[in-house]
Amino acid sequence: MNTKLKNQSGFTIIEVLIVLAIAGLIMVIVFLAVPALQRNSRNTQRNNDASRYAAAVNECLNNKNGDETLCDSGGVDATYIDLSTLQQLTASGSVGTEALLLTYGTVCDNAGTTATAGGGNRSFTVTYQVELTGGGTDNRCIES
């Protein structure tokens, strides 16, 4: 009787552990990258929304001979931009993560974060917030 063991094929426990470690590392990288990608996507959409809103205000001012009383938040919303097309921001009159603030007669400060006095009669700013990497928000400002 032959007592030799035949050569059996299969994976050793070390090989299985190496594969599991590599798969775990890939999963950790994906779970760390996905929130950053989502945040960047939301911030890009906020920038686009604010730019579209500023363009609508500018168009309104041009069509109404610079009369800002005719281009208030309601007038701009109703005539020149459909708020339902804004995906990340709303025109609410106060700055917040999901809100725009329209201010006439102002310009953006040097950092481009807040509105300051000193603009002409057709100047305006649109201020909004974006998400930061470590949490929290930061103001952004677009001027006419």
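1. In this predicted model, the side chains of Arg140 and Asp138 form a salt bridge, with an N to O distance of 2.6 Å. Arg140 is partly exposed at 31% relative accessibility, and Asp138 is likewise classed as partly exposed, at 27%. Elsewhere in the chain, salt bridges with shared partners connect Arg42, Arg46 and Glu131 into one network.

2. The pair formed by Glu131 and Arg42 belongs to that network. Their side chains meet in a salt bridge at 2.6 Å, N to O. The pair brings together distant parts of the chain: Glu131 is located in strand S5 (residues 124-131), Arg42 in helix H1 (residues 13-63), and 89 residues separate them. Arg42 has a relative accessibility of 27%; because this value falls between the 20% limit for buried residues and the 50% limit for exposed ones, Arg42 counts as partly exposed.

3. A further salt bridge joins the side chains of Arg52 and Asp49, at 3.7 Å, N to O. In contrast to the link between strand S5 and helix H1, the residues Arg52 and Asp49 are both in helix H1, three residues apart, or about one turn of the helix. Which of the two labels, buried or partly exposed, applies to Asp49, and which to Arg52? Asp49 has 0% relative accessibility and is therefore buried, whereas Arg52, with a relative accessible area of 34%, is partly exposed.

4. The N to O distance of 3.7 Å for Arg52 and Asp49 deserves a remark on the criterion. The pair is accepted because the rule admits a side-chain nitrogen of Lys or Arg within 4 Å of a carboxyl oxygen of Asp or Glu. In general, side chains of opposite charge can pair when their charged atoms come close. Under this rule, the count is four salt bridges.

5. As to the overall architecture, the protein chain contains two helices and six strands. Along the sequence, these elements follow the pattern α-α-β-β-β-β-β-β. Helix H1, which spans residues 13-63, contains Arg52 and Asp49 as well as Arg42.

6. Some global values complete the description. Of the 144 residues in the protein chain, 26% are buried, and Asp49 is one of the buried residues. The accessible surface of the protein chain is about 9,300 Å², with 57% of this area belonging to carbon and sulfur atoms. Among contacts between residues at least 6 apart in sequence, 48% connect residues at least 24 apart.

Methods. Residues are numbered from 1 along each chain as its sequence is written. This is a predicted model: local features need pLDDT of at least 70, side-chain atom pairs count only at pLDDT 80 or more; totals for chains, interfaces and linings use all residues. Side-chain values use heavy atoms; hydrogens and water are left out. Helices (H or I, at least four residues) and strands (E, at least two) are DSSP runs, numbered from the N terminus. Buried means under 20% relative accessible area, exposed over 50%, partly exposed in between (1.4 Å probe, protein chains only). Contact means heavy atoms within 4.5 Å. Accessible areas come from the Shrake-Rupley method with a 1.4 Å probe; for residues, only the protein chains shown count as cover.
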